[in-house]
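Q: Could you take a close look at one helix pair in this model and walk me through how the two pack? A word on the sheet in the other chain would be welcome too.

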Amino acid sequence: MRNLFSPSRAALLLFFLAAALLPLALDPRGHLIRVAAMVLLFAAMAQSWNIVGGLANQISLGHAAFFGLGAYTSTLLFLKLGVTPWIGMGVGAVVAGGAAALLSIPTFRLKGHYFALATLAFAEVMRVIANSLGDVTGGPVGLSIPFMGSQPALFAFRSVASYYWIILGLLVAVCAVFHLLASGAIGYRLRAVRENEAAAEVAGVDTFRVKLTASVISAALTAVCGTVFAQFTFFFDPDSIFSLSGISVRMAMIAIVGGLGTLGGPLVGALFLIPLEEVANAVLSSQAAGLSQFAFGVILIGAILIQPRGLMAYWLRTPWAKTRRAAATGA
Amino acid sequence: MLEIRNLCAAYGGPDVLSSVTLEVKAGETVAVLGANTAGKTTLLRTISGLVARARGSVTFEGTELIGRPAHTIPALGLGHVPEGRHVFPRMTTLDNLKMGAFFHRGAGDIAQRIQRVFALFPRLEERQGQMAGSMSGGEQQMVSIGRALMGNPKLLLLDEPSHGLAPIVVDELHAAIGAINRQGVAVLLVEQNAVLALSVAHRGYVLEAGHVVLSGDAQALSADHGVRRAYLGV
């Protein structure tokens with residue numbers, strides 16, 4: 001219990017406190033609060049991905065599939081049947097969790113690159129299906145959510161700050177789930193699987209079930225993020241919501257640059273990458289076509305080369321983090 | 001205790017084991033000898049439920065193991081030390097050991113079990129805080145055996161424990177296997193090092209291309225002309 005107020009926890013608490021107070025300092029309808037909300041939403045998405053990518057060590061490049069399933073499920077339920085997105089969000093989570101379970105059967109025997117490619121293909125298939133089923137999904141035109149004034153029961157607000165706080169709540173919840181999974185009994189199983197799958201199996205770990213559980217939870221949380229994204233932006237189309245570079249790779253990238261498998265990684269990663277992208281766009285997009293993406297890419301490569309274990313490695317090297325780890329292993 | 005009847009196993013191609021019949025009695029150490037590709041590892045993997053396509057019968061204390069999910073088998077009292085020292089590399093020695101007791105029932109007296117492993121392998125006590133991946137091959141093998149012992153097995157399956165180790169470490173392991181057996185744990189030992197295997201075993205089987213071609217007392221096998229020429233290098 002002496003670790004209750006460890007520096008790591010204090011830093012995390014400070015982060016959430018600062019995030020909760022931030023809207024008071026920003027123009028509630030301005031651009032900056034939208035960027036801040038996006039930082040938190042991408043942190044939540046990356047943390048959801050981190051359950052599969054970091055804890056189970058299955059590098060998925062197809063999480064956009066679950067993101068899009070969440071967005072389409074809640075939005076279609078709302079547009080066609082008038083179901084509030086609050087309920088649609090839960091249905092989307094179930095649909096995405098089911099899809100993840102189905103996808104697990106053929107893909108969990110695959111390792112490394114092959115697993116990544118299979119998940120990537122799954123998201124691409126979803127994108128093609130959404131584009132071609134025009135009657136249901138609206139096809140390439142996408143779906144718009146009509147705004148009919150501020151209606152909390154229908155997940156619609158006039159002020160960006162309301163979305164911001166909902167997204168912050170979502171991020172806290174996803175981080176709590178991640179922490180419970182990482183530190184609970186399933187966390188030990190996942191760690192055993194990650195370290196050495198054969199050894200885990202002969203030590204009595206049902207490796208398939210452990211990976212399946214992580215995968216379903218990760219997909220369900222990602223779908224919730226998808227619903228929130230759809231409500232926040234009021235519009236999405238298949239190419240943006242099932243995007244490989246915009247969603248799938250970005251979720252993985254944020255977690256990896258921040259620190260794979262760590263609780264703080266996705267927070268640090270999103271805090272670093274999303275504003276960086278914004279700045280690169282603002283400063284460079286008027287200079288030459290593609291220059292901002294180029295600069296962003298160069299910085300990303302640099303970050304990975306300089307610290308392959310992610311930005312969290314810098315925190316773990318500080319004396320505060322070290323004392324905590326020493327205390328934890330000595331216990 | 002362990003009875004194998006007409007066991008056939010394959011990975012999708014031709015049978016790697018054909019009609020193997022083998023028995024381990026309580027308290028016994030049984031060696032399985034054979035060249036590479038004879039099917040020794042497959043035999044142990046099939047017992048542990050890691051080979052999907054198996055026919056025949058493997059019963060452990062009356063429980064049929066064929067068709068049983070692999071992760072449920074350690075809890076029956078069967079410990080498997082896989083070939084190639086599969087330790088959890090980025091965990092400490094102590095955590096590796098705890099993992100062995102963590103996942104099945106009756107894992108109460110963990111501290112006592114750790115002491116038992118440390119008594120067998122004093123080096124692990126010295127290195128308990130070290131990352132398993134950074135230890136020598138022999139030490140990793142000790143971790144791997146220790147982890148299997150943490151599940152309190154009645155029967156220990158050892159797959160090539162001496163493989164790739166220095167002679168002095170092999171002697172140490174050899175002594176440990178004998179000590180484990182004297183504690184009442186039956187051992188099924190797969191070895192290419194027939195000298196080592198027959199010196200600790202009570203009985204032995206010789207596997208060739210998936211068939212049992214010879215079996216008998218360890219002493220009788222050691223004296224057998226064919227075994228001496230093929231596996232003992234004399």
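A: Quick bit of vocabulary before we start: an axis here is a line fitted to the C-alpha atoms of a helix over the stretch in contact, and angles run from 0 to 180 degrees between N-to-C directions. Keep in mind that this is a predicted model.

Now the pair itself. In chain A, helix α3 (residues 64-81) packs against helix α10 (residues 207-233) at an angle of about 55 degrees, and their axes are 6 Å apart. That angle is why α3(A) and α10(A) count as oblique to each other. The crossing of α3(A) past α10(A) is right-handed.

Who touches whom? On the α3(A) side you'll find Phe66(A), Phe67(A), Gly68(A), Leu69(A), Gly70(A), Ala71(A), Ser74(A) and Thr75(A). They meet a set in α10(A) that includes Ala219(A), Thr222(A), Ala223(A), Gly226(A) and Phe229(A). Sorted by class, this contact has 10 nonpolar and seven polar residues, with no charged ones.

Over in chain B, four strands make an open antiparallel sheet, ordered β2-β1-β4-β5. The edges are β2 (17-24) and β5 (63-64) of chain B, each with a single partner strand, so each has one side without a neighbour in the sheet. At the β5(B) end, two bridges tie that strand to the antiparallel β4 (residues 53-60) of chain B, and Phe60(B) sits opposite Thr63(B) in β5(B). Helix α1 (residues 40-47) of chain B packs on this sheet, where it touches β1 (2-10), β2 and β4 of chain B. The direction of α1 in chain B makes about 70 degrees with that of β2(B).

Terms used. Residues are numbered from 1 along each chain as its sequence is written. Chains are lettered from A and ligands numbered from 1 in the order in which they are written. This is a predicted model: local features need pLDDT of at least 70, side-chain atom pairs count only at pLDDT 80 or more; totals for chains, interfaces and linings use all residues. Angles under 35 degrees count as roughly parallel, over 145 as roughly antiparallel, 65 to 115 as roughly perpendicular and the rest as oblique. A crossing is left-handed if the near helix is turned anticlockwise from the far one by less than a right angle, and right-handed if clockwise. Two residues are in contact if their C-beta atoms, placed from the backbone, lie within 7 Å. Ala, Val, Leu, Ile, Met, Phe, Trp, Tyr, Cys and Pro count as nonpolar, Asp, Glu, Lys and Arg as charged, and the others, Gly among them, as polar. Two strands pair if DSSP finds at least two bridges between them.
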